[in-house]
Amino acid sequence: MSKTMRLKEKYPPGDFGIWIIIYVELLTFGLFFIGYAFSRRENIEMFNTSQLMLNQTSGFINTFILITSSYFVAKGVHFMQTMTQENVEESNKKASVWLLLAIACGAAFVFIKGAEFAHIFGEGITLSTNKFFMFYLLLTMFHFMHVVLGTVILFNIRQRTKISGYTPDDTGGFESGASYWHMVDLLWIVLFPLVYIIR
């Protein structure tokens with residue numbers, strides 16, 4: 001089977017099941033985003049005032065971290081999609097390095113976001129403080145759990161690359177995990193400006 005033929009068969013990447021999950025996740029977050037937008041329209045001043053209590057710097061840093069991590073994951077996918085029977089071990093090894101960098105980014109995001117949550121809760125802010133913080137905590141904590149899960153998925157994928165477990169005919173698991181991680185990144189790219197920036 002030629003490389004060109006294999007690449008055509010791999011679109012969309014990953015298993016069909018992961019795209020069902022991604023669709024449901026995007027729909028769920030989309031409903032949250034719409035709810036946030038409508039609630040904000042009803043009390044713009046309160047939302048803007050509450051928004052000032054958020055740490056935009058850590059939000060910017062986390063945005064940079066997630067975008068960078070997606071680049072690292074994409075590089076890993078590249079080595080999977082260009083792998084041949086002759087370079088299975090080398091391709092797995094190179095993909096493993098890129099995944100390690102992506103995992104480090106995921107851990108950095110979790111650390112920074114955890115520190116932000118600690119500060120927010122230290123200020124006595126909870127879900128019942130007001131509608132802004134209800135949406136802020138629901139959206140960011142829900143997304144936080146996705147980052148943790150995505151990091152665990154990348155870790156498990158990397159464990160398989162360490163034993164050259166992926167072959168030219170078996171990269172679906174790698175691509176599924178990568179697709180999930182890109183979804184997590186995409187959600188943050190929408191969530192960050194919506195909750196931290198837009199006034």
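Ser164 sits in the loop between helix 6 and helix 7, the latter spanning residues 172–197. In this predicted model, the residue has a positive phi of about 55° although it is not a glycine, so a backbone check could well start here. How buried or exposed is Ser164? With a relative accessible area of 24%, Ser164 counts as partly exposed, because the buried class ends under 20%.

Now step back along the chain to another serine. Ser91 is found in helix 5, and its relative accessible area of 4% makes Ser91 buried. Which residues does Ser91 touch, leaving out those up to four places away in sequence? The contacts are Phe79, Met80 and Met83. Asn156 is 65 residues apart from Ser91 along the chain, and the C-alpha atoms of the two are separated by 17 Å.

Here are the two serines side by side.

| Residue | Location | Relative accessible area |
|---|---|---|
| Ser91 | helix 5 | 4%, buried |
| Ser164 | loop between helix 6 and helix 7 | 24%, partly exposed |

Next comes the pairing of helix 5 with helix 6. Helix 5 runs over residues 88–122 and helix 6 over residues 131–161; their axes come within 9 Å and cross at roughly 155°. Why are the two helices described as roughly antiparallel? An angle over 145 degrees falls in that class, and therefore helix 5 and helix 6 are roughly antiparallel to each other. As for handedness, helix 5 passes helix 6 in a left-handed crossing. The residues of this contact divide into 19 nonpolar, eight polar and four charged.

Finally, some annotation to lay over the model. An unreviewed UniProt entry places the feature "domain: Heme-copper oxidase subunit III family profile" at residues 16–199. In the model, that span is 83% helix and 0% strand, and its end C-alpha atoms lie 39 Å apart. The unreviewed entry also carries the annotation "transmembrane region" for residues 16–38, 59–77, 97–121, 133–158 and 178–198.

What does the model show over two of these stretches, residues 133–158 and residues 178–198? Residues 133–158 are 100% helix and 0% strand, with end C-alpha atoms 36 Å apart. Residues 178–198 are 95% helix and 0% strand, and there the end C-alpha atoms are 29 Å apart.

Note on methods
Residues numbered from 1 in each chain as written. Predicted model: local features only at pLDDT ≥ 70, side-chain atom pairs only at ≥ 80, totals over all residues. Heavy atoms only, no water. UniProt positions renumbered as here; feature names shortened; annotations may be inferred. Axes fitted to C-alpha atoms, helices over the stretch in contact; angles between N-to-C directions. Parallel < 35°, antiparallel > 145°, perpendicular 65-115°, else oblique. Left-handed = near helix turned anticlockwise from the far one by under 90°. Nonpolar A, V, L, I, M, F, W, Y, C, P; charged D, E, K, R; others polar. Buried < 20%, exposed > 50% of the residue type's maximum accessible area, 1.4 Å probe, protein only. Contact = heavy atoms within 4.5 Å.
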